[in-house]
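Biologist: Before we use any label for this chain, I would like to hear the reasoning behind it. Could you take me through the terms one at a time?

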Amino acid sequence: MPQEAMRYIENAKETLKKSPIEDNLYTDDKYVKSACGIAYLGVLKAIDTYLLLHGLEKKKLPKKVEEYRKSIKSFASQHNGKLLRQFEDIYDELHIAGYYRGMLHSVSTVKGAINTAKDFIERLS
């Protein structure tokens, strides 16, 4: 398991603990957005590590989300598209809704999205 990527997930969980909770909702957007961003970066780190282990040169690592999609299709096709679908969910939930737009507040939704990121990282190992 990529230890560095999992460290991001643990950091995201620690950051999330800093937000107060009322009525099963996080009340401090700053910590929720940060946690979502950190978890998403952990996923990207896991993909980078996977690609490097499978022969991609460091200078050819993806830099845009479209490039990550192509890399998952090319290098992780043995998972029959499941990884790509899971990556799309992670991108939409953690990066767009959680980090970029700050739309996630429900404790179960945020924790679920971070757990999905953790599962994705574990699948790549």
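Modeller: What follows is a set of questions about labels, each answered from a value and its cut-off, for a model that is predicted.

Biologist: What makes up the secondary structure of the chain, and how do its elements run from the N terminus on?

Modeller: The chain has five helices and two strands, and from the N terminus on they follow the order α-β-β-α-α-α-α.

Biologist: Why is the chain called as compact as a globular protein of that length?

Modeller: The radius of gyration is 15 Å, and the globule rule gives 14 Å for 125 residues; the value is close to that of the rule, so the chain is described as compact in that sense. Along the principal axes, the C-alpha atoms fill a box of roughly 45 × 25 × 20 Å. Of the contacts with a separation of 6 or more, 65% come from residues 24 or more positions apart, and buried residues account for 41% of the 125 residues.

Biologist: How do you know that α1 is roughly antiparallel to α5?

Modeller: The axes of helix α1 (residues 3–16) and helix α5 (residues 107–124) cross at roughly 170 degrees and come within 10 Å. Since angles over 145 degrees count as roughly antiparallel, that is the label for α1 and α5. On the α1 side the contact includes Ala5, Met6 and Ile9, and on the α5 side Val110, Ile114 and Ile121 are among the residues involved. By class, this contact has nine nonpolar, one polar and four charged residues.

Biologist: What makes α1 and α2 roughly antiparallel to each other?

Modeller: The same cut-off of 145 degrees applies: α1 and helix α2 (residues 29–53) pack at an angle of about 175 degrees, with their axes 8 Å apart, and the pair is therefore roughly antiparallel. Among the residues that meet are Tyr8, Ile9 and Ala12 in α1, and Ala35, Ile38 and Ala39 in α2. The contact of α1 with α2 divides into twelve nonpolar, four polar and two charged residues.

Biologist: Why is Ser71 counted as buried?

Modeller: Buried means under 20% relative accessible area, and Ser71 counts as buried because its relative accessibility is 10%. Ser71 belongs to helix α3 (residues 65–75), and, leaving out residues up to four places away in sequence, it touches Leu51, Pro62 and Ala76.

Biologist: Why is Glu93 called partly exposed?

Modeller: The class lies between the limits of 20% and 50%, and Glu93, at 36% relative accessibility, therefore counts as partly exposed. Glu93 sits in helix α4 (residues 82–100), where, apart from neighbours within four places in sequence, it is in contact with Gly98, Leu104 and Ala113.

Biologist: Why is Asp23 exposed while Asn24 is partly exposed?

Modeller: Exposed means over 50%, so Asp23, at 75% relative accessibility, counts as exposed. Asn24 has a relative accessible area of 46%, and is therefore partly exposed. Asp23 lies in the loop between β1 (21–22) and β2 (25–26), and Asn24 is likewise placed in the loop between β1 and β2.

Biologist: What is the phi of Asp23, and what is that of Asn24?

Modeller: Asp23 has a positive phi near 55 degrees, although it is a residue other than glycine, and Asn24, also not a glycine, has a positive phi of about 65 degrees. As background, most residues other than glycine have a negative phi.

Conventions:
Residues are numbered from 1 along each chain as its sequence is written. This is a predicted model: local features need pLDDT of at least 70, side-chain atom pairs count only at pLDDT 80 or more; totals for chains, interfaces and linings use all residues. Side-chain values use heavy atoms; hydrogens and water are left out. Helices (H or I, at least four residues) and strands (E, at least two) are DSSP runs, numbered from the N terminus. Buried means under 20% relative accessible area, exposed over 50%, partly exposed in between (1.4 Å probe, protein chains only). Contact means heavy atoms within 4.5 Å. Axes are lines fitted to C-alpha atoms, for helices over the stretch in contact, and angles run from 0 to 180 degrees between N-to-C directions. Angles under 35 degrees count as roughly parallel, over 145 as roughly antiparallel, 65 to 115 as roughly perpendicular and the rest as oblique. Ala, Val, Leu, Ile, Met, Phe, Trp, Tyr, Cys and Pro count as nonpolar, Asp, Glu, Lys and Arg as charged, and the others, Gly among them, as polar. The radius of gyration is taken over C-alpha atoms; the globule rule is 2.2 Å times the number of residues to the power 0.38.
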